[in-house]
Amino acid sequence: WNWLGLCRNGDAMIIKNTNGKGLAKLMTYLKELNKERVYVGVPRSSNGIRGNAMIAMTHEFGSLANNIPERSFLRSTVLEQADKYARIFATNIPDAIKNGTPAYEAYSKLGTIAMNDVRLKIASGEFAALAPATIKRKKSSKPLIDTGNLRQSINYEIR
């Protein structure tokens, strides 16, 4: 191959394959991308799932035993924003290859955007209503928001 073109937003980015180096550079980068993944959510503590991670899991999936309805903020955000995340990632990859930046940076941009989207969903999402006793205790009818700790615990990791 003498030339390899990558399309981004209708524009073509061309990597010249000089003595096999251009293609080798692209293949190395794609292998690096394949080794890493972005995870968005609440990190568990070193002693297992505790605190905000347990609260997040309980609300994300609901708890029949505790009469808590499902209030998905992680899965629903990812599903609602999937096309946006694909476009962002597809835009960042050619730029990263062109500029010689590590794959980690492309994943980091995506992680930051997804993290902020999940936090926004917690703050403004429409969820199942709280029980009257919970509203009385919290002095608020806003699901998933009490102290703000859950929302602030949303983060991303690249593994």
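Helix α2 gives the most to the lining of the largest pocket, with 5 residues. This is a predicted model, in which local features need pLDDT of at least 70 and side-chain atom pairs count only at pLDDT 80 or more, while totals for chains, interfaces and linings use all residues. Residues are numbered from 1 along each chain as its sequence is written, and side-chain values use heavy atoms, without hydrogens or water.

The largest pocket holds about 480 Å³ of space. Among its 23 lining residues, the closest to the centre are His59, Leu130, Thr134, Arg137 and Lys138. Two or more lining residues come from each of α2 (51-61), α5 (132-138) and α6 (149-153). The lining divides into 10 nonpolar, 9 polar and 4 charged residues.

Next, meet Lys121, which is found in helix α4 (residues 103-124). Lys121 counts as buried because its relative accessibility is 14% (buried means under 20%, exposed over 50%, partly exposed in between, with a 1.4 Å probe and protein chains only). Its side chain joins that of Ser76 in a polar contact of 3.2 Å. Leaving aside neighbours within four places in sequence, Lys121 is in contact (heavy atoms within 4.5 Å) with Ser72, Phe73, Ser76, Thr77, Glu80 and Phe127.

Finally, two loop residues deserve a look. Most residues other than glycine have a negative phi, but Asn67 has a positive one, and so does Lys139.

| Residue | Loop | Phi | Relative accessibility |
|---|---|---|---|
| Asn67 | between α2 and α3 (75-99) | about 55° | 70%, exposed |
| Lys139 | between α5 and α6 | about 65° | 74%, exposed |

Note on methods: 1 Å grid on protein atoms, 1.4 Å probe; cavity = no way out; pocket = protein on both sides within 12 Å on 5 of 7 lines; lining within 4 Å. Points joined across faces, edges and corners; volume = space filled by probe spheres on them. Helix = DSSP H or I, 4+ residues; strand = E, 2+ residues; numbered from the N terminus. Nonpolar A, V, L, I, M, F, W, Y, C, P; charged D, E, K, R; others polar. Polar contact = N/O pair within 3.5 Å; in protein donor to acceptor, adjacent residues only side chain to side chain.
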